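Dear colleague,

I am handing over the structure below, and I would be glad if you could keep it open while you read. My notes on what was found in it follow directly after.

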Amino acid sequence: MSLIVTIHVEEGIVMAGDSRLTSSLTRKEGEKVIHDIGAHTSESANKVFLAPNHVGISVCNEVSVNGKTISGYLNSFLVGSVTESTPVETVPQMLLDHMRQLAPVPNTIFHVAGYEKKNNRYVARVWRVYPGRNKIDRLPAETPGACWDGERDIIARLVNPIYLKDSRGNYVEMRTPPIPWDFMTLQDAVDFATYAIKTTMDTMRFQLRPKTVGGPIDILVLKPEDGFWVKKKTLQAEYH
């Protein structure tokens, strides 16, 4: 799994993701097929990428194909297919076509985000791309907001309404104060992305479930005609 978060505010777009790579093993016991999930194989997987045309791409769910990480296939797409002049709005279909050439087609979810220039003004665009379902969804980025995919349940419980059963068996909504996306600064968006992923990590620590979100958090910021890293893990050599 993983957790990727994309937030659009008036000042720009923030994309973030964790770095944990988790293996799933399938084995047979008699007629039963058993899936063993949760073996951590890496804390340094790349799940957020910056294209030459200032488009951001993040990935979650199934991030390996035929024993290779999806980052290798994604890097080949960015190097071989995307240039500085590639229109932002064409990238989602290009990415879908590229990933659907793989066999098997990975059950991944991509976020693609950037700015399209229309009538001499820049318009934020955010898409979800589903190679396994051969589907692209364009999200409503005309107004500020956020989307997240992967291990969504923990953050969803924090920001979505919750209903409790009263003594009569009726469900009563607990008041959940709204998040004022319209008034968020770019720093607020960076902080929320960090909060969403870090809170998921910390909550998973105490739950009886596979720890599928972890490692360093990479954070990318996109602005019209610009894209830069706020936080990006780097290669290190440690000696003991």
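**Strand E15 and its partners**

Strand E2, which covers residues 12-17, is joined to strand E15 by five bridges, and the two run antiparallel. Please keep in mind throughout that this is a predicted model. Strand E15 spans residues 218-223 and is mostly covered, since five of its six residues are buried. E15 is also joined by five bridges to strand E16, residues 226-231, and this pair again runs antiparallel.

Leu222 is a useful residue to look at here: in E15 it stands opposite Ile13, while its bridge partner in E16 is Gly227. Between E15 and E16 the hairpin has two residues, and Glu225 takes a positive phi near 65° there.

**Lys231, in strand E16**

Is Lys231, which is found in strand E16, buried or exposed? Neither word fits, because its relative accessibility of 45% lies between the 20% and 50% cut-offs, so Lys231 counts as partly exposed. Leaving aside neighbours within four places in sequence, Lys231 is in contact with Ile217, Asp218 and Ile219. The C-alpha atoms of Lys231 and Asp166, by contrast, are separated by 45 Å, with the two residues 65 apart along the chain.

**A nonpolar patch**

Ile162, Leu164 and Met174 make a nonpolar surface patch of about 250 Å². Of these, Ile162 is found in strand E13, residues 162-165. Ile162 can count towards such a patch because its relative accessible area is 34%, which is over the 30% required.

With best wishes

Notes: Residues are numbered from 1 along each chain as its sequence is written. This is a predicted model: local features need pLDDT of at least 70, side-chain atom pairs count only at pLDDT 80 or more; totals for chains, interfaces and linings use all residues. Side-chain values use heavy atoms; hydrogens and water are left out. Buried means under 20% relative accessible area, exposed over 50%, partly exposed in between (1.4 Å probe, protein chains only). Helices (H or I, at least four residues) and strands (E, at least two) are DSSP runs, numbered from the N terminus. Two strands pair if DSSP finds at least two bridges between them. Patches are made of residues with over 30% relative accessible area and no salt bridge: like charges are joined within 9 Å, nonpolar side chains (Val, Leu, Ile, Met, Phe, Trp, Tyr) within 5 Å. Accessible areas come from the Shrake-Rupley method with a 1.4 Å probe; for residues, only the protein chains shown count as cover. A salt bridge is a side-chain nitrogen of Lys or Arg within 4 Å of a carboxyl oxygen of Asp or Glu. Contact means heavy atoms within 4.5 Å.
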